Amino acid sequence: MRVGVFICHCGNNIAGTVDVARAAEETAKLPHVVYSTHYMYTCSEPGQDEIKQAIKRENLDRVVVAACSPRMHELTFRRTVEKAGLNRYFFEMANIREHVSWIGEDKDLNTNKAIEAVRMAVEKVVRDKPLYSSSFKVNKRVLVIGAGVAGMQSALDCAEGGLDVVLVEKSPAIGGMMARLDKTFPTIDCSICILGPKMVDVAQHEKISLHAYSEIEEIKGYVGNYQVKVRKKTPYVDWAKCTGCGECMEKCPTKNAYDRFNFGVAPTRAINIPFPQAIPKKATIDAKFCRQIQKGKCGVCAKVCPAKAINFELQDQFVTEEVGAIIVASGYGLIDQELLPEYGGGRYPDVITGIQYERLLNASGPTSGHILRPSDKTEPKSIVFVSCAGSRDKSIGIPYCSNFCCMYIAKQAILTKDHIPDSQSFVFYMDIRAPGKGYDEFTRRAQEDYGVKYIRGRVSRIYPKGKKMIVQGADTLLGAKVEVEADLVVLATAATAAPGAAALAEKLHISYDTHGFYVESHPKLRPVETNTAGVYLAGAAQGPKDIPSSVGQGSAAAAKVLALFSRDMLESDPAIARVNQNACVGCLKCAKTCPFQAIKDEVLRGGKVVANVIETVCAGCGVCTSTCPCGAIQLQHFTDNQLLAEVNSLCLS
Amino acid sequence: MSVVEGKELRIVGFLCNWCSYGGADTAGVSRFKQPTDLRIIRVPCSGRVDPLFVVKALISGADGVLVSGCHPRDCHYSDGNFYARRRLEMLKRFLPFVGIDARRFHYTWVSASEGQRWQQTVTDFTSLIHELGPAPLLPQNKTLPKEARA
Amino acid sequence: MKKAGYLKKQKEKEFIAALGAKARVYAPCLEDEAVLFKPVEPDSVICLSRPAVSSPKSAIYPQSETLFSFRFKKDSEDPRRTLVELDDTIAVPDTIIFGARPCDARGIAVIDRAFSKTETPDPYYLARRAKTTIVTLTCPEPSTGCFCTRVGCGPAETSDSDVMMTELEDGYLMEALTSKGEALLESPILEDGTAYEAQAKEAQKAAHERMIKEAGEADTTPVDPETFHSQVFWEKAAERCLGCGACTYLCPTCYCFNITDEQVVDKGERIRSWDACMFHHFTLEASGHNPRAQKALRLKNRIGHKFVYYGEKYDGIIACSGCGRCIRGCPVSMEISTIAAALKKNSGTVSGEQ
Amino acid sequence: MNLEKLKEIVRTVLPSVDVVIGYKKGLDALHPVPCFLTSPDEIDALVLNPACMHNLAAYLPSLKNRAAVVVKGCDSRTVVQLAQEGLIKRENVVVIGVPCQGAVSVRKVLSAIDHQPVIEASFENDTVVIKTKKGEARLALRDVAPDKCLACRYPTPVVADHLAGEEVEPKIDEKTAYQEIREFDARSLEERRAYWMAEFDRCIRCYACRNACPLCVCRESCIAETRDPHWMSQKATQNEKMMFHMIHAIHLAGRCTECGECERACPMGIPVARLKKKINMEMKELFGYEPGISMDDKPPMYTFKVEEEKIEEHKIR
């Protein structure tokens, strides 16, 4: 075999702590290696050209690049060797940057380690087999999970691109968080005024079929061919008949139902339409509060409904949608005030959250846009905004920044002044994070034009005193304790992963971080892809983000899907399990343990039963290979012999 | 060329591509300094790690073996690490029966974002292995003619 | 050239230690309950009272041996050129097999032919063989499964050994049979044995008679070709066979081997190791085809080799010394003696088996 | 064990199957051997006594036909395990169970009679009577029973279509069953290592243990011999011998039914069954699982729980 070894300096990143020249010299002595060199930036265009030329000049048939992590550039170099005429799997990477040069301090030890890493890679590469993708047909429909602004953007862009879109929303109405906002920063545009038309577009687009009040039950299949089972939750109302007139809501005797849309700012009815602009504008019964469903006595709504749409017997229904790609835009959640006992933990009615305040500001909200304290319905004059209520707080397990709070606090403070001109707002902040276009100017406007008092420091305690709330904190700029008497306190509670995010991730086979946010394929270069082919991310499900970012990601994910679907056939990853039928004894332990049900039994001529891998379903995890006692099923590119050669090169040579 | 005599011991790591290998990358990107003994073999999933690889490494002279995968529930392949957990636990309990110090084999879970946890794991495991010293070698060819080429 | 010495039982250890000073001594040693031929070490417990589980063939023909080792090196001027360094020196120590049984010695004689009477004599084996002296003990009692007299060997057979030792009341008569044997008996620890010769002769005769009584006279009837080639015969005979290699690895006459190369990075060895015709892999071809895919065919080969094929090559000699090890060591008590006997009849079955 | 009852059962079962696997006399009374009956004439050759050690269920996976098999308690677990793993079809097997008071280890008998050749052997209730040149020895069954019988908790077959004899109550509880293993575990690491090194040293890699094992179903594909995958070399070194036994033990994790055939088959007397028993003990502790007891179980290495009650995360120190 003729192996070429290319050792990258990565500028000084590697060459600073690894003697790359010596590594090249030593690795040239390895069997099979006929050429070993080092290069300043192997991933650069001239660097890749050097590989291509060496393949031709030295007649190389295998290539090892010792550089950064294969998670970074494996694909890059696979393409390089492929362009030079080699099979793309005749390539291995030795990670001598993240795993060597950046973590070890002793240059000799690092150099020795780098040489061993190359030796292992050479042992593996000489055992690489050429692998070829096979192609399969793509179902050009896309599923979008979540109809907030990100999901709607994805759905509309895909639909405009000519794709059939299935849009699933777990709430009775689409619009997500943005539909609940009053105005948007930094333009003070009316949120529903700009979102409403989009919602209508979604509802009316012939390419989009909407499943509102629905959840994902089960996902099977693989990129290009997913089968998605959708649970359509029962609203106890036949939506085909419901006209959205609101008669039922008016007459419903249960007046203390929790209003999910308004985050409990005021109660609602057991049967309700979440908000006037709701799409679909249909009534839903909250079974937990419905007297008929709980106690079997009432049925007022059924009597008053002019369309005879109420049906207490309605059950959840299931539909299966076949799609080729999935965009996950399932949004975010907010922490419960209970996590903030020093701020009252939700016990004080006049300590509310940012999103609740948003509803108080909103003209179609429970107070018709009048800012009234929840406790006594009076107009507050002194309002305190507390940023980082939970965010950047390791003690409650939320070390991250919630991204949009600084901006919405500034917006809310400005709006407060507009609503109540003789009011005074205070903002307690840790840092003002306003890096977007026009953002910093906006926060300055709040301070300079609207007289909002910004106090840098954390609030340590909030407690009631008479009708007032006392907000105690420190002004770290003055180095003094501060106490503010407030009529109303607004907490910018931390954004979290949406409830049920982890369960959905497990159905999708995508990964999520310790906070439940979905993990993108690469934080810089593949921000909307996941590690599962055909599943893309949009919006705050990936991490807290504001509207423009969410919309941008929605469009980006749609572009990814459109690009994916621009081909009729997809290529499968050939690094999957393969069965040696001669060695297989047909015990099918592999089939029993395959996480993807990708292995089935097959009866050969003569009656011998063997395992058979369904190529397109196999994801390449290799559980089967470590299960098979006789090594008859081997994960290509990570075969027993390859891993054993690596072990041997470390332990026996 | 092998371990640097007197400075390093032979520690073999099997890391799943998606979490722990990424975690080791993250540690690298963050420049979290670590001892240099560990050599990493990349596998797609901890479920790919046949316990026999660990045995093979230990029998062949590894002083320590570390297996790391995604945290339970976070497996890229959804179930791979659940199988790994059972099989590696079985192995960990079995090794001392044949006289192999179970401390020389450690399995754990490190996610792609846990650079610090990875650094801690490598540092602690390496220092433990140094404390235990080189693994006792198996006697070679005891019954065989004191062979051919003396 | 006959010379005889007498080894007092209380001097046995001393004598073996003295031998050990000159050469590597292989003797039946007690390990747990098993008696195994092993190189004698100071703390070894030598057990001559019953036949060893394993045969002493490993002293000359080890279970695995390195034929040569190799190392790939690069031309320091041009890394494109690979050089191979080869180490194929054969260094062999003087070896004494002490306490073999006549059937063991016969076994080595069988192997000798395979490695020497051929167009390509085997240097590795022959180097060891030339430096080996065999001290054989007259078998006092037949053991379970023994049938040496039936295959032309016997408990006092001397033809394949260098020294014959016969147990008497308080010692062993040691008779040199070859010049190697004579050299071995040059020892101040031994007394003159002449006085014990008659007594030993007696003991040898008695042992022979006991064996004949137990196992029967030499059976020179040829194998019946029709029976030998009957598929039904072998299927029935192999019915309970598990297909392991216990029989062949314990056998003193089996000499089949496998050659494999083992290489890690730049270093490697060519290894010769015992192989067993009872294994499926033994005849597995690179194409995946196996001409002896069923255990019946493999059993036919094993027995055929001992009772037919070997003789066809070497003057009708039977390549079985009747030691009974394969019978005693078999997990399902397969009896080669019974199968061999049945082969000689034209009955087409192994019903001769008890 | 009731030979007459067994013969009667075999007589009724034989017409409905292609073969009946039982025992017949072998080279001496201590060595009965497996036999494959196809005609009623052969029934009288059947024997049944404590020397009938072989686990006849080992032959089942390689049989294509419908077979009846004689099984003791331990062997019956093999039938269950094989069926559970889909390696045999339960409906193709007629199980003739023989409740068992304990078998006889030839190795222990020979040791007790100083390795004299056996002239005659017979069995009376709980005694083995051995005649040798030096006279008659009467050995209590308990003293010459193989280790597996001393720890047996299933003397009556767990599955049987016919039962040749009265059910036998187990004499051992779960705790004492693994006493031997616990005692060994209590030895120092160095002692354990030295013990196994000495034991493995004797291994000649004849694979009798593997081939006698009813659950070693890889047969020709065993990775101890293949080059692809190439787990082992053919060198007769400690490394390779140990590797082989580790492969055997680990491949049986959660599957070994403790029939002891591996150990009995070993011509060198290496106590290889202990390795598997140790793993079984751990399987029981970790997963509450015992192989070969219920047809519906799933061997623990081929399944998982999201929350494992008994597996805790290990600390490095």
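## Salt bridges, interface and backbone features

Asp49(A) counts as partly exposed, its relative accessibility being 29%, a value that falls between the cut-offs of 20% for buried and 50% for exposed. The model to which this residue belongs is a predicted one. The side chain of Asp49(A) meets that of Lys52(A) in a salt bridge, with a distance of 3.7 Å from N to O, and salt bridges counted by this rule come to 93 over all chains. The points below take up chain A as a whole, its interface with chain B, selected salt bridges, two residues with their contacts, and some backbone features.

**Chain A as a whole**

- Chain A contains 18 helices and 32 strands, and its C-alpha atoms fill a box of roughly 85 × 70 × 40 Å when this is taken along the principal axes.
- Of the 653 residues in chain A, 58% are buried, while the area that the chain exposes is about 26000 Å², with carbon and sulfur atoms supplying 50% of it.
- Among the contacts in chain A with a separation of 6 or more, 69% are made by residues 24 or more positions apart.
- The side chains of chain A include 78 positive and 70 negative ones, and the centres of these two sets lie 5 Å apart.

**Interface between chain A and chain B**

- Contacts between these chains involve 56 residues of chain A and 52 residues of chain B, and the two chains bury about 4700 Å² between them, of which 57% is on carbon and sulfur atoms.
- Arg71(A), Trp102(A) and Ile103(A) together supply 14% of the area that chain A buries against chain B, which is more than any other three residues.
- Five salt bridges are counted between chain A and chain B; one salt bridge joins the side chains of Glu74(A) and Arg42(B), at 3.1 Å from N to O.

**Selected salt bridges**

- Side chains of opposite charge can pair when their charged atoms come close.
- Within chain A, Asp49(A) and its partner Lys52(A) both lie in helix H2 (residues 45-57), where they are three residues apart, about one turn of the helix. Lys52(A) is partly exposed because its relative accessible area is 23%, a value above the 20% under which a residue counts as buried.
- Arg93(B) and Glu282(D) form a salt bridge whose closest N and O atoms are 2.8 Å apart. This pair crosses between chains, since Arg93(B) belongs to helix H3 (residues 80-94) of chain B and Glu282(D) to helix H12 (residues 273-287) of chain D.
- The two partners of this pair fall in separate accessibility classes: Arg93(B) counts as partly exposed at 24% relative accessibility, whereas Glu282(D) counts as buried at 7%.
- In chain C, Glu191(C) forms a salt bridge with Lys8(C), the closest N and O atoms being 3.2 Å apart. Glu191(C) lies in strand E10 (residues 191-192) and Lys8(C) in strand E1 (residues 3-8) of chain C, so this pair ties together parts that are 183 residues apart in sequence. Glu191(C) itself counts as partly exposed, at 31% relative accessibility.
- A network of salt bridges that share partners joins Glu89(B) and Arg93(B) with Arg182(D), Asp185(D), Arg192(D), Lys278(D), Glu282(D) and Glu285(D).

**Two residues of chain A and their contacts**

- Lys251(A) is part of helix H8 (residues 247-251) of chain A and is partly exposed, with a relative accessible area of 40%.
- When neighbours within four places in sequence are left aside, Lys251(A) is in contact with Val300(A) and Val304(A); the C-alpha atoms of Lys251(A) and Val300(A) are separated by 7.0 Å, although these residues are 49 residues apart along the chain.
- Ser550(A), in helix H15 (residues 547-564) of chain A, counts as buried at 6% relative accessibility. With neighbours within four places in sequence left aside, Ser550(A) is in contact with Val149(A), Ala150(A), Gly539(A), Ala540(A) and Lys545(A).

**Backbone features**

- Most peptide bonds are trans, and most residues other than glycine have a negative phi.
- The peptide bond from Ile279(A) to Pro280(A) is cis, with omega near -5°, and Pro280(A) is placed in the loop between strand E13 (271-272) and strand E14 (284-285) of chain A.
- A cis peptide bond also runs from Asp228(D) to Pro229(D), with omega near 5°; Pro229(D) is in the loop between helix H9 (208-212) and helix H10 (238-251) of chain D.
- His32(A), a residue other than glycine, has a positive phi near 75°; it is located in the loop between helix H1 (20-27) and strand E2 (33-39) of chain A, and at 29% relative accessibility it counts as partly exposed.
- Phe263(A) likewise has a positive phi, near 50°, and is found in the loop between H8 and E13 of chain A.

Definitions and conventions
Residues are numbered from 1 along each chain as its sequence is written. Chains are lettered from A and ligands numbered from 1 in the order in which they are written. This is a predicted model: local features need pLDDT of at least 70, side-chain atom pairs count only at pLDDT 80 or more; totals for chains, interfaces and linings use all residues. Side-chain values use heavy atoms; hydrogens and water are left out. Helices (H or I, at least four residues) and strands (E, at least two) are DSSP runs, numbered from the N terminus. Buried means under 20% relative accessible area, exposed over 50%, partly exposed in between (1.4 Å probe, protein chains only). Contact means heavy atoms within 4.5 Å. Accessible areas come from the Shrake-Rupley method with a 1.4 Å probe; for residues, only the protein chains shown count as cover. Lys and Arg count as positive and Asp and Glu as negative; His and the chain ends are not counted. The place of a charge is taken as NZ of Lys, CZ of Arg, CG of Asp or CD of Glu. Buried area is the accessible area (1.4 Å probe) that two parts lose on being put together, summed over both. A salt bridge is a side-chain nitrogen of Lys or Arg within 4 Å of a carboxyl oxygen of Asp or Glu.
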